[in-house]
Amino acid sequence: MSQTIQAVRGMNDVLPDEAGWWLEFEAKVEAWLERYGYRNIRLPLVEHTQLFRRAIGEATDIVEKEMYSWRDELNDEELTLRPEGTASCVRAAIEHSLLHDGPKRLWYAGPMYRHERPQKGRYRQFHQYGVEALGYAGPDIDAELIVMCAALWRELGLQDVRLELNTIGSPAERARYRADLVRHLEQHLERLDADAKRRLHTNPLRTLDSKNPMVQEVVASAPALADYLGEASLAHFEGLKRLLEAAGIRYAINPRLVRGLDYYNLTVFEWISDRLGAQGTVCGGGRYDGLFAQLGGKPAPATGFAMGNERLIALMRDAGSAPPAKPPRAYVVFQGEGTIEYALSLAEELRRLGYRVVQHAGGGSFKSQMRKADASGAVYALIVGEDELRAGEVSVKPLREPGEQRRIARGRVAEALGD
Ligand code: HAM
């Protein structure tokens, strides 16, 4: 016998029981997005590799080692499975001049691909909802995005998701800071780990959020980015904080929060849960005012975030809300000459009225069909035998509550099923 083939490591099946949670999550998220006036955009899973190199940054983990990229020989192109959605969203906005008649609030959803080491909460194919507000410059829209998130956590029944907030200023402010940070790190070379050394001249800011205690000590005595911010950056941050306070949103300023993608400026934030172990960030985002120009478009301010579905669904389950169950209202069993046609049309008729109806398939004795009816979770079994067929009737048997089986006219079945 040939060997069975298994799913690719880090790319998971979502089996039907689990998928029930996904459907519930997606329905809630999409209703929430609609309430805030965000419109859906659907973007390809594959883009030119150059898009991500330019948007996310050459010296990031994602671009350096996590992208699924290949050369398409037929078209002589370098292509990549998207590791995130912001780059595609901005590319599409430029390509289709989406901002020609003003700013846009957009959302997208779907799988993203990163070749990371799989562990609980971290996968190679994972799913995001991304929310992007394109063309808005003020802190009011940053606040809107954050307030929205807080509302969603409430809606999903999640507690203990905390907000970390920071500002990373303008590119010019960061450049000045970066020079001083590098000087500081160079003075403590012997205490830096391989990662920090490697990033010293490519992406030294990432060293700020190193998890290595020795590196953290070096970082603790480093100059602070906040001291390099000019008036405009400070005013933006103050404006945001004021709006969050007015909205009753609690946050912690984390001066070491820099995020793993290079396109950010000013506001950055992450929502974190301590219930998920090492991979506790359920949502991350910030402002990226330079990205339109960086991708060759007309400059436009922008801000957004993305959340990880796998992590949020794990939290939702953990919060103990009732598992989504949608059993059929009726399960149709039948036995005898000519009953299958009668049963089929009965089931169709009821579905047209909006009932969830499962029609027995696969034959078997009456007894085994009734066992299947019961196992399906259906509220009623609808039984069609030769007697019922001749009389133009159906036997209705309650499966979930006490009550006698009764024979009724076919035209009255819907009435018997109730709602
Ligand atoms: P990100 O922080 O790379 O940001 O990803 C956002 C969220 O996706 C994370 O907080 C996490 O919940 C989830 N996530 C990321 N990688 C994995 C993984 N390997 N397995 C499971 N979940 C994962 C972005 O992607 C930006 N595009 C967010 C953004 C939108 N910024 C502005 N607009």
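This is a short talk on the strands, cores, sheet, salt bridges and domains of one predicted model.

Let me start with the overall division. The domain assignment gives domain 1, made up of residues 16-170 together with 230-319, and domain 2, covering 330-417. Taken over C-alpha atoms, the centres of domain 1 and domain 2 are separated by 49 Å.

I would like to turn next to strand β10. This strand spans residues 281-287, and because six of its seven residues are buried, it is largely enclosed by the rest of the structure. Which strands does β10 pair with? On one hand there is strand β9, residues 265-273, which runs antiparallel to β10 and is joined to it by six bridges; within this pairing, I272 has T281 of β10 as its bridge partner. On the other hand there is strand β11, residues 302-308, which is likewise antiparallel to β10, with five bridges between them, and here G286 stands opposite G304 of β11. As general background, strands of a sheet pair through backbone hydrogen bonds, either parallel or antiparallel.

Now to the nonpolar cores. The largest of them has 47 residues, and L134 and Y263 are the ones with the most contacts inside it. Which elements give two or more residues to this core? They are the helices α2 (49-56), α3 (61-66), α4 (86-95), α6 (171-186), α8 (213-220) and α10 (291-294), along with the strands β5 (104-113) and β6 (125-134). Of these, α4 gives the most, with five residues. If we look at Y263 more carefully, and leave aside residues up to four places away in sequence, we find that Y263 touches A55, I56, E84, T86, R287, Y288 and L291. There is also a second, separate core, this one of 42 residues, and among its members are V29, L33, F237 and L315. In soluble globular proteins, nonpolar side chains tend to be buried together.

My next topic is the five-stranded sheet. This is an open sheet of mixed pairing, with its strands in the order β13-β12-β14-β15-β16. What is left without a neighbour at the edges, and why? The edge strands are β13 (357-359) and β16 (406-409), and since each has a single partner strand, one side of each is left without a neighbour in the sheet. On average, and with direction ignored, neighbouring strands of this sheet are turned by 30° against each other. Inside the sheet, strand β14, residues 380-384, and strand β15, residues 393-398, pair in the antiparallel sense over four bridges, and Y380 has P398 in β15 as its bridge partner.

Two helices should be described together with this sheet. Helix α12, residues 339-352, lies across β12 (330-334), β13, β14 and β15, and runs at about 165° to β13. Helix α13, residues 366-375, packs on the sheet as well, touching β12, β14 and β15, and its direction makes about 170° with that of β12.

Finally, I come to the charged side chains. How many salt bridges does the structure hold? There are 31, and I will go through a few of them. R162 forms one with E164, where the closest N and O atoms are 3.0 Å apart; R162 counts as partly exposed at 34% relative accessibility, whereas E164, with a relative accessible area of 15%, is buried. The cut-off behind that statement is that a residue is called buried under 20%.

In helix α6, the side chains of R183 and D180 meet in a salt bridge of 3.0 Å, N to O, and these two residues lie three residues apart, about one turn of the helix. R183 is partly exposed, at 47% relative accessible area, and D180 is also partly exposed, at 24%.

In helix α9, residues 231-246, K241 and E238 are three residues apart, so they are separated by about one helical turn, and their side chains meet in a salt bridge of 3.1 Å, N to O. Here K241 counts as buried, at 16% relative accessibility, while E238, at 41%, counts as partly exposed.

To close the topic of charges, E47, R91 and E95 are linked in a network of salt bridges.

Notes: Residues are numbered from 1 along each chain as its sequence is written. This is a predicted model: local features need pLDDT of at least 70, side-chain atom pairs count only at pLDDT 80 or more; totals for chains, interfaces and linings use all residues. Side-chain values use heavy atoms; hydrogens and water are left out. Buried means under 20% relative accessible area, exposed over 50%, partly exposed in between (1.4 Å probe, protein chains only). Two strands pair if DSSP finds at least two bridges between them. A nonpolar core is a set of buried Ala, Val, Leu, Ile, Met, Phe, Trp, Tyr and Cys residues joined through side-chain atoms within 4.5 Å. Contact means heavy atoms within 4.5 Å. Axes are lines fitted to C-alpha atoms, for helices over the stretch in contact, and angles run from 0 to 180 degrees between N-to-C directions. A salt bridge is a side-chain nitrogen of Lys or Arg within 4 Å of a carboxyl oxygen of Asp or Glu. Domain bounds come from an automatic or database domain assignment.
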